[in-house]
Amino acid sequence: MTALVITNADVRTMDPGRPRAEAVAVRDGRVLAVGRAADVAAAAGPDARSVDAGGRTVLPGFIDPHNHLLSTAESLASVDARYPGVAGGADLVARIAAEAARTPAGQWIRAFGMDDAKYPGGRPTRRLLDEATTAHPVIVYHVSGHHAVVNSAALRRRGIGEDVTDPAGGAFVRDEAGRLTGMVLDAAMERLLPVAVDIGCHGPNFHTDLPREQLLGWLEAAGPAYLSAGVTTVCDPQVSARELRVYRAARAAGTLPVRTVGMPLSHDLDRLTAIGLAGPFGDDRLRIGAMKFYSDGTLLGGTALFGTPYGEHGEFTGSSYHDPERLTDLVRRAAEQGWQVAIHTQGDRAMAHTLAAIRAAVKAAGDGVRPRVEHCGYPTPAQVREFADLGVIPVNQPNFLYDSGTDFLRRLGAERAHRLQPIREELETGLRPVLSSDSFVSSLRPMETVANAVLRRTREGGEIGAAQAMTVDEALRAHTADAAYAVGLEDRIGTLAPGYLADVTVLDADLRVTGRDELRGVDAWLTVLDGRVAFAA
Ligand SMILES: [Zn+2]
């Protein structure tokens, strides 16, 4: 194969031995040369194809270490109910009515991203959704993915009447008169849309049972959204049999859009142990990585577990998925099998449970555990110091601070809210915190994440933890080289050096002259995946 040379570029290699370069060449799926333009051209040979980047910034392809790829594909194929496009009940009704007009009667309508904390009229109800359609069952997912609101047709379709009882770990919300409002919480959601797998009490179940062909089509259609944002690798932090079957089929069909690492959820630990399987397993396109565990719930949903309750009236105490001894037992047993471990943890009280589990895992299995803490919302200063002893990787999502920072300030109080995702503190303690999106919960565009890590501002323009801001260079590293370490692939992706896999993102900007307020709008100009041009603006 002839080489591809990207020249006249501001190359940020993430290679400490040569941090900056003028050009990069790839051939046969590998980085061939990085360095001065003349040297790279000579290495590539006279028949190489050359692209003049016009001074744009070139990075290793972005790695998103916490991105629900298949669920994102589903959400991209559904009604977009995200704020600020949908800022209240009337907007929601309008979007759903428009979808109903082009959807055959009786077919489900699904919407993603509802952020009702921002609605002036408060939480929407089934009656409101009934104004949009009575001919289609409708489910609108809360932005956290843990709650939903449905219309009356959806309740009817699933045979749910006023006499329904709440399942363990979930609830059907009722009004003062005791009638169903259409709001369904956690485990009750499975009664609305049947799920493809039983995950017990190990986490929220968004593994909706849908036809394989439909999921495959949506996954392929999601490709351009990832590649045009410069993403070349994702780690799906919660894969069940549903996701793995679709990813394997897509891989076989050549339609898996990016390199994909999957984290099985802890409900599969015993089954995988029984057949002797543990991560890492697979190849450079599709592999199994760490095992995923849940400690507590979500910040937005009020289920994150804090030592001091939160909410405007202290109404949120939070909840945990396992009692602490059980969490420790699960995590330690996984580590003994050879798994890297990744534990969803938001509040400080849940963090204490998580750290006890990680201590046991590291004691049993040593440094190979490479423990990740997903979201890592509110570790105390003492907990951050303990991260350093245990080699913890905080997996942060600064988009949450932008999307919901104003709500966090109100609900958690200024002192706690400004220390959410204390990234500066983590860097100063010697940790390597990484950046991710948690898409479909938030935007999958890496430069939006980078902007939010650098700016630490809310959507409304207020500050949220400005003292914890990253520099642009730190943020880029946390979304490439350090993200590669978090997914266990630092020997082949995340750095532009000879021999690394040829994943290259050319940004549509020269970061040497891009203002901080312009970062958010930057996408890819050219994306090379596995040595091939996968996207060109
Ligand atoms: Zn997630």
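Two strands count as paired if DSSP finds at least two bridges between them, and strands themselves (E, at least two residues) and helices (H or I, at least four) are DSSP runs numbered from the N terminus. The model is predicted, so local features need pLDDT of at least 70 and side-chain atom pairs count only at pLDDT 80 or more, whereas totals for chains, interfaces and linings use all residues. Residues are numbered from 1 along each chain as its sequence is written, and side-chain values use heavy atoms, with hydrogens and water left out.

**Exercise 1.** Determine which strands pair with β1 (residues 4–7), and in which directions they run.

*Solution.* Begin with β4 (residues 23–27), which is joined to β1 by three bridges and runs antiparallel to it; here valine 5 has alanine 25 as its bridge partner. Turn next to β6 (residues 49–52), where four bridges make a parallel pairing with β1, and where arginine 49 stands opposite leucine 4. Finally, consider the faces of β1: Leu4 and Ile6 on one side, and Val5 and Thr7 on the other, are all buried (under 20% relative accessible area, 1.4 Å probe, protein chains only).

**Exercise 2.** Identify the protein donors of the zinc ion, and explain why the pair histidine 68 and aspartate 438 ties together distant parts of the sequence.

*Solution.* Taking donors as N, O and S atoms within 2.8 Å of the metal, one finds His66 (NE2), His68 (NE2) and Asp438 (OD), at 2.1 to 2.2 Å from the zinc ion. Their spacing along the chain is H-x1-H-x369-D. Histidine 68 belongs to the loop between β8 (62–64) and α2, and aspartate 438 to the loop between β23 (434–435) and α16 (446–455), so the pair links parts that are 370 residues apart in sequence.

Definitions and conventions. Donors = N, O, S within 2.8 Å, 3.2 Å for Na, K, Ca; no water. Buried < 20%, exposed > 50% of the residue type's maximum accessible area, 1.4 Å probe, protein only.
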